[in-house]
Amino acid sequence: MINSKHELIIKDIKSSINAGSFNAGDKIPSENQLAAKYDVSRQTVRKALGKLIDEGYLYAIHGSGTFVASRKDKKKHTKNIAVVSTFMSDYIFPRVIQGINQVLDENGYSILLKTTNNSRKGEAWCMEELLSKNIDGMIIEPSQSAISCQHQVLYDQMDAMGIPYVFIQGCYEAMMDRPFVMLDDVEGGKLITEHLISLGHKNIAGIFKADDTQGILRHKGYIKALQSAGIAYNPDLVIWYHTKDKSMKPMEGLIRILESGLSCHAVVCYNDEIAADVIKGLQNIGRSVPHDISVTGFDNSLLAHSKGITTIAHPQEELGKVAASTLLGLIDGSISRKDAHILLEPKLIERKSCF
């Protein structure tokens, strides 16, 4: 949150530098020009510029003006690692961060933690702030990763500055060549759907998240399982939702399927959170789980334990450990970027939500 005029100037100049509007060696507007642009005093401008000079973004030449500094030679080995997460909830994040922290702590590193609320704009803000700090690397859970990244220039800036990073949970399609550590979501979606097929279900509905990579990949696994079993894919049995409408659209879509007369006795849900909501919603309309409808989740969260949901185990702590170890390998050069593409194996956890 910007709470003063000099902070607004700082933010705008940082954004311009990170976006490539100003390059190393470029002269920025004069104090008088900046004062007029932001309708502030020259003293306020000098305060902002002084802060940017202290942070290494700018340098001043007496009598000539203020210029953009080269930041490729950013200080190394600060022992600070930034972790950017979509949400700081109690769903699966605590176990992931526990794994990250264990490895980093054992190697003498500290964590700077940021959250984006699964907003691409929030991710860009977090990265801009972190690029102003001395960090040795970054672990990033991308926001709305199924949608084209609008701030790839910030990742290019990190590359130029020699700051390694690792994506976790998902990865933007255009940046699949960058380091990542993820669960094999395609295999997970296939495994959970095959389980329902093995129980005799054929008309299997699917609820998937449209704006995150995991939803796209789990849907792909769902299709693979149906195809392998010789079951025709029916798009009318598939419900897509976005982050902003997750509280309503999944259950509304399932009720629409049930009221349409389509035969449906099993549902593959994007994750345990959606599965728990679906079970509650089905009970509210007089449907029994699993006797009327079998429901599966994904992630093996505490919700899955408490609600007895058949699910796919997410290696939460292991994923965090592998991500941290991979990043440290990138930092010390023992791992190359082309080798830092890691998929973890999913496992089926059977409970009482399927019949």
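This tour moves through a predicted model, one selection at a time.

**The whole chain**

Begin with the C-alpha trace of the protein, which spans about 80 × 45 × 35 Å along its principal axes. Colouring by secondary structure brings up 12 helices and 14 strands. Of the 355 residues, 51% count as buried. Among contacts between residues at least 6 apart in sequence, 74% join residues at least 24 apart.

**The six-stranded sheet**

Select β4, β3, β5, β6, β7 and β13 next. In that order, these six strands form an open sheet with parallel pairing. Its edge strands are β4 (110–115) and β13 (341–344), each of which pairs on one side only. On average, neighbouring strands of this sheet are turned by 15 degrees against each other, direction ignored.

Stay at the β4 end and add side chains on β3 (80–85). The pairing of β3 with β4 is parallel and runs over six bridges; isoleucine 81 has isoleucine 111 in β4 as its bridge partner. Five of the six residues of β3 are buried, so the strand is mostly covered.

Proceed to β6 (residues 165–168) and β7 (residues 180–183), which pair in the parallel sense over two bridges. Here isoleucine 168 stands opposite valine 181 in β7.

Now display helix α12, residues 316–332. This helix lies across β3, β5 (137–140), β6, β7 and β13, and runs at about 160 degrees to β6.

**A positive phi after β6**

Select glutamine 169, in the loop between β6 and β7. Although glutamine 169 is not a glycine, its phi is positive, at about 70 degrees. Is this residue, glutamine 169, buried or exposed? Its relative accessible area is 8%, and because buried means under 20%, glutamine 169 counts as buried.

**The four-stranded sheet**

Turn next to β9, β8, β10 and β11. Taken in that order, they form an open sheet of four strands, and the pairing is parallel. β9 (238–241) and β11 stand at the edges with a single partner strand each, so one side of each has no neighbour in the sheet. Neighbouring strands of this sheet are turned by 15 degrees against each other on average, again ignoring direction.

Within this sheet, focus on β8 (residues 204–209) and β10 (residues 266–269), whose parallel pairing extends over four bridges. Glycine 206 has valine 268 in β10 as its bridge partner. Adding α8 (213–228) shows a helix that packs on the sheet and touches β8, β9 and β10, its direction making about 160 degrees with that of β8. Helix α9 (residues 249–260) also packs on the sheet with contacts to β8, β9 and β10; its direction makes about 160 degrees with that of β9.

**Isoleucine 192**

Select isoleucine 192, in helix α7 (residues 185–198). Isoleucine 192 counts as buried because its relative accessibility is 0%. Which residues does isoleucine 192 touch, leaving aside those up to four places away in sequence? They are Val268, Thr296, Gly297, Thr310, Thr311, Ile312 and Leu348. Proline 346 is a further residue to mark: its C-alpha atom is separated by 9.7 Å from that of isoleucine 192, with the two positions 154 residues apart along the chain.

**Loops on either side of β11**

Select proline 290, which lies in the loop between α10 (272–284) and β11 (294–296). The peptide bond leading from valine 289 to proline 290 is cis, with omega near 10 degrees.

Asparagine 300 is the next stop, in the loop between β11 and α11 (302–307). Its phi is near 50 degrees, a positive value in a residue other than glycine. Asparagine 300 has a relative accessible area of 17% and is therefore buried, the cut-off being under 20%.

**The largest pocket**

Finish with the largest pocket, whose volume is about 640 Å³. It is lined by 36 residues, and those closest to its centre are Phe87, Ser89, Tyr91, Asn271 and Glu273. β3, α4 (93–106), α8 and α11 each supply at least two residues of the lining. Which of these elements gives the most to the lining of the largest pocket? α4 does, with four residues. Coloured by class, the lining shows 16 nonpolar, 11 polar and nine charged residues.

Technical notes. Residues numbered from 1 in each chain as written. Heavy atoms only, no water. Pairing = 2+ DSSP bridges. Axes fitted to C-alpha atoms, helices over the stretch in contact; angles between N-to-C directions. Contact = heavy atoms within 4.5 Å. Buried < 20%, exposed > 50% of the residue type's maximum accessible area, 1.4 Å probe, protein only. 1 Å grid on protein atoms, 1.4 Å probe; cavity = no way out; pocket = protein on both sides within 12 Å on 5 of 7 lines; lining within 4 Å. Points joined across faces, edges and corners; volume = space filled by probe spheres on them. Nonpolar A, V, L, I, M, F, W, Y, C, P; charged D, E, K, R; others polar.
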